[in-house]
Amino acid sequence: MIATPHAASAQGAISANQHVADSLLGAGAWPKATAAYQMVIVAEPTNGSAWTNLGESSLQERKFNAAIAAFAKAEQLKFRPFVNIVNQARVHAEQNDEARSLELIKRVVDGGAGAALRGYVTGSPEFNRFGASPRWQALLATMRACMTPPYHDFDFWIGSWDVYGAGGGPAGHNDVTVEQDGCLLVEHWTTTPGGQTGSSFNYYDVRDKKWRQLYIDNSGNAGAFPALTGELTNGKMVMLTTDTNNTQSRWTWYVMEPGKVKQMAEVSRDHGATWQITWNSVYAKHDSTKRK
């Protein structure tokens with residue numbers, strides 16, 4: 001059982017009666033909790049939290065019709081509507097009604113809340129009975145976050161790379177991996193002949209629709225590499241630091257040709273009027289068949 005979070009604080013002060021009901025729910029005293037929440041909603045018929053938790057206690061009592069009615073009422077009151085649609089699907093799952101459960105979860109996905117509630121869905125044991133169902137697995141796949149095109153703007157940097165400096169000599173090796181279900185690119189850098197290492201986190205921030213990078217190396221000087229922010233422009237990923245004391249850094253990545261990526265760093269000391277190259281490298285896909 002996944003206990004529905006008590007969120008009455010979002011509606012203001014919690015009544016004394018609801019405190020009692022919430023305590024009973026938390027203790028797993030389902031019949032007593034059900035009775036207590038019924039008292040609450042008589043006095044507070046628009047209390048969405050009480051309706052939600054009444055649905056939870058009713059579900060645990062296996063009073064399925066009452067549970068669906070309570071969760072649907074909370075949804076109607078616009079109290080965590082998508083959570084309560086999932087809760088209704090949980091009840092139908094307990095009744096082994098895969099079709100209705102799928103229909104409800106698809107409503108959550110179509111409403112744009114699929115990624116946010118994927119963890120709640122996958123963590124709800126009521127749905128375990130559908131685990132082997134191809135239709136259920138296909139629906140869960142649509143709930144993954146970071147699937148839209150902007151999250152893939154930097155995919156061209158993914159891979160295992162041998163890195164060469166401006167003069168063509170070896171500069172190091174970089175493995176760029178995809179992690180967190182595709183929401184994060186992690187850089188693992190080692191210089192040639194070694195000794196210096198560094199890692200960066202690279203991710204698309206849906207809030208401002210920008211890419212960000214935070215790089216930390218093994219020097220212990222976290223301030224040596226200020227955070228970068230930018231976006232893909234004309235096929236080039238361009239990220240900049242904040243302009244501080246007239247000094248700003250700009251990093252650029254782009255595909256030169258299949259299997260090769262350019263990475264270049266520049267600095268400006270006149271608010272971006274002019275730029276000087278400080279790092280100029282070429283990434284070549286690592287050939288694991290070559291002798292070391």
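What share of the 292 residues in the chain is made up of buried residues? Good morning, everyone, and let me answer that straight away: buried residues make up 39% of the chain. Please keep in mind throughout that this is a predicted model.

Let me start with the overall picture. The chain holds 8 helices and 10 strands. Its radius of gyration is 27 Å, well over the 19 Å that the globule rule gives for 292 residues, so the chain is more spread out than a compact globule. If you turn the C-alpha trace along its principal axes, the spans come to about 75 × 45 × 35 Å. As for contacts with a separation of 6 or more, 43% of them join residues 24 or more positions apart.

A quick word on the surface and the charges. The accessible surface is about 15,300 Å², and carbon and sulfur atoms account for 55% of that. On the charge side, we have 27 positive and 27 negative side chains, with the centres of the two sets 2 Å apart.

Now to the inside. The largest nonpolar core has 20 residues, and those with the most contacts inside it are Phe 154, Phe 156, Trp 157, Trp 161, Met 237, Met 239 and Trp 253. Five strands each give two or more residues to this core: β1 (159–164), β2 (170–179), β3 (184–191), β5 (210–217) and β7 (236–240). Apart from this core lies another one, of 19 residues, with Leu 104, Val 108, Phe 127 and Met 143 among them.

Let's stay with Trp 157 for a moment. Setting aside residues up to four places away in sequence, Trp 157 touches a list of residues that includes Asn 174, Val 176, Glu 187, Gln 213, Trp 253 and Tyr 283.

Next, two buried residues in regular elements. Thr 191 lies in strand β3. Is Thr 191 buried or exposed? With a relative accessible area of 15%, Thr 191 falls under the 20% cut-off, so it counts as buried. Beyond its close sequence neighbours, up to four places away, Thr 191 touches Ala 171, Gly 172 and Gln 196. The C-alpha atom of His 173, 18 residues away along the chain, is 6.4 Å from that of Thr 191.

Over in helix α2, residues 30–43, we find Ile 41. Ile 41 has 12% relative accessibility and therefore also counts as buried. Which residues is Ile 41 in contact with, leaving aside neighbours within four places in sequence? They are Ala 50, Trp 51 and Leu 54. Asn 17 is 24 residues from Ile 41 along the chain, and their C-alpha atoms are separated by 9.9 Å.

I'll finish with some backbone features in the loops, which are worth a look on your screens. The peptide bond from Thr 192 to Pro 193 is cis, with omega near 10°. Pro 193 sits in the loop between β3 and β4 (197–205).

Then there are two residues with positive phi that are not glycines. Cys 146 has a phi of about 60°, and its place is the loop between α8 (134–142) and β1. Asn 234 has a phi near 55°, and Asn 234 lies in the loop between β6 (228–233) and β7. Their surroundings can be set side by side: Cys 146 is buried, with a relative accessible area of 9%, whereas Asn 234 is exposed at 78%.

That's my tour, and thanks for listening!

Key:
Residues numbered from 1 in each chain as written. Predicted model: local features only at pLDDT ≥ 70, side-chain atom pairs only at ≥ 80, totals over all residues. Heavy atoms only, no water. Helix = DSSP H or I, 4+ residues; strand = E, 2+ residues; numbered from the N terminus. Rg over C-alpha atoms; globule rule 2.2 N^0.38 Å. Buried < 20%, exposed > 50% of the residue type's maximum accessible area, 1.4 Å probe, protein only. Contact = heavy atoms within 4.5 Å. Areas by Shrake-Rupley, 256 points an atom, 1.4 Å probe, with all protein chains shown as cover. Lys, Arg positive; Asp, Glu negative; His and termini not counted. Charge placed at Lys NZ, Arg CZ, Asp CG, Glu CD. Core = buried A, V, L, I, M, F, W, Y, C linked by side-chain atoms within 4.5 Å.
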